[in-house]
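Here's a quick tour of one model, with an eye on its aromatic rings. Have a look at the structure first, then read on.

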Amino acid sequence: MSNPTRDKIMPIMGHLRELRNVLIKCAIVLAITTALCFVFTTQILQFLIAPYGGVLETIDPTENVVTYFRVALLAGAVLAMPFLVYFVWSFIAPGLESKEKRYVRIIVPGATILFLLGVAFAWGVMLPTAIGFLSSFEPEIFRTSWRAAAYIPFVTSLMFWIGVAFELPLIVFFLAKLKIVTARKLLGWWRFAVVGAAIAAALITPTVDPFNMALVMGPLIMLYLLSIFMAKLAR
């Protein structure tokens, strides 16, 4: 005679084992891609400081090494992203219906492309504007000589989170297709969206000046408005 309690526990334990295996695979891939990126970290650092146009200062004894490892790890995470998405997809796919699987097959590559577009937008448009303003602010009083420990987190966090934010319209389109959200609901939540964009901008930018917050907050609000339009198309 079967034990109902055992029948309920076993599937849960099976899912936990699958989740553990997925996390192990993700960690292995991330370790491999990070090791590969160590070879090119110098070139990546030169790419990141190009908008600044100078050499970064280091004050702490280990600041240059920590910055080097930080960039290598971040580059490894970006390189591993397609594999990480595939592993996560393989974990959730058995629980989806055929219609949901069809949508996800579009969402996953689309989200990756939008992430890269967001990174390109942050690096090509937002960073030159922000760095140009901050480096030339009151030049007769302040001499611009930025630390690596401050500049690199500023640049990488801005590029990463803007890349993530660019995925929002596509994710909302997917949720609208599944009838989880609607354009009317999103439009009614616009006040919360503005507050959320302000909080996100404050978290993304390591500085507290209103210029950088507005520089991040503006695109976030525009992406939310685009998400409303995408939800309307999904009807």
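Which residues do ring pairs link into a cluster with Phe38? The partners are Tyr68 and Phe69.

Now for the overall picture. This is a predicted model, and its protein chain is built with 9 helices and 0 strands. Of the 235 residues in the chain, 33% are buried. About 14,500 Å² of the protein chain is exposed, with 73% of that supplied by carbon and sulfur atoms. Take the contacts between residues at least 6 apart in sequence: 82% of them join residues at least 24 apart.

Helix α2 spans residues 41-49, and Thr41, Leu45, Leu48 and Ile49 are buried there. Viewed down the axis of α2, these buried residues fall within an arc of 90 degrees, so they line one face of the helix.

Back to the rings: the structure holds 9 aromatic pairs. Two of them are set out here.

| Pair | Centre to centre | Angle between planes | Geometry |
|---|---|---|---|
| Phe47 and Trp123 | 4.4 Å | 10 degrees | stacked |
| Tyr52 and Tyr151 | 5.6 Å | 40 degrees | tilted |

The Phe47 and Trp123 pair links distant parts of the chain, with Phe47 in helix α2 and Trp123 in helix α4 (residues 98-135), 76 residues apart. Phe47 has 41% relative accessibility, so it counts as partly exposed. Trp123, at 27%, also counts as partly exposed.

And are Tyr52 and Tyr151 buried or exposed? Both are buried. Tyr151 sits in helix α5 (residues 148-165), 99 residues apart from Tyr52, and this pair too links distant parts of the chain.

Methods
Residues are numbered from 1 along each chain as its sequence is written. This is a predicted model: local features need pLDDT of at least 70, side-chain atom pairs count only at pLDDT 80 or more; totals for chains, interfaces and linings use all residues. Side-chain values use heavy atoms; hydrogens and water are left out. Buried means under 20% relative accessible area, exposed over 50%, partly exposed in between (1.4 Å probe, protein chains only). Helices (H or I, at least four residues) and strands (E, at least two) are DSSP runs, numbered from the N terminus. The arc is that of the directions from the helix axis to the C-beta atoms. Contact means heavy atoms within 4.5 Å. Accessible areas come from the Shrake-Rupley method with a 1.4 Å probe; for residues, only the protein chains shown count as cover. Rings of Phe, Tyr and Trp (its six-membered ring) pair if their centres lie within 6.5 Å; planes under 30 degrees apart count as stacked, over 60 as edge-to-face and the rest as tilted.
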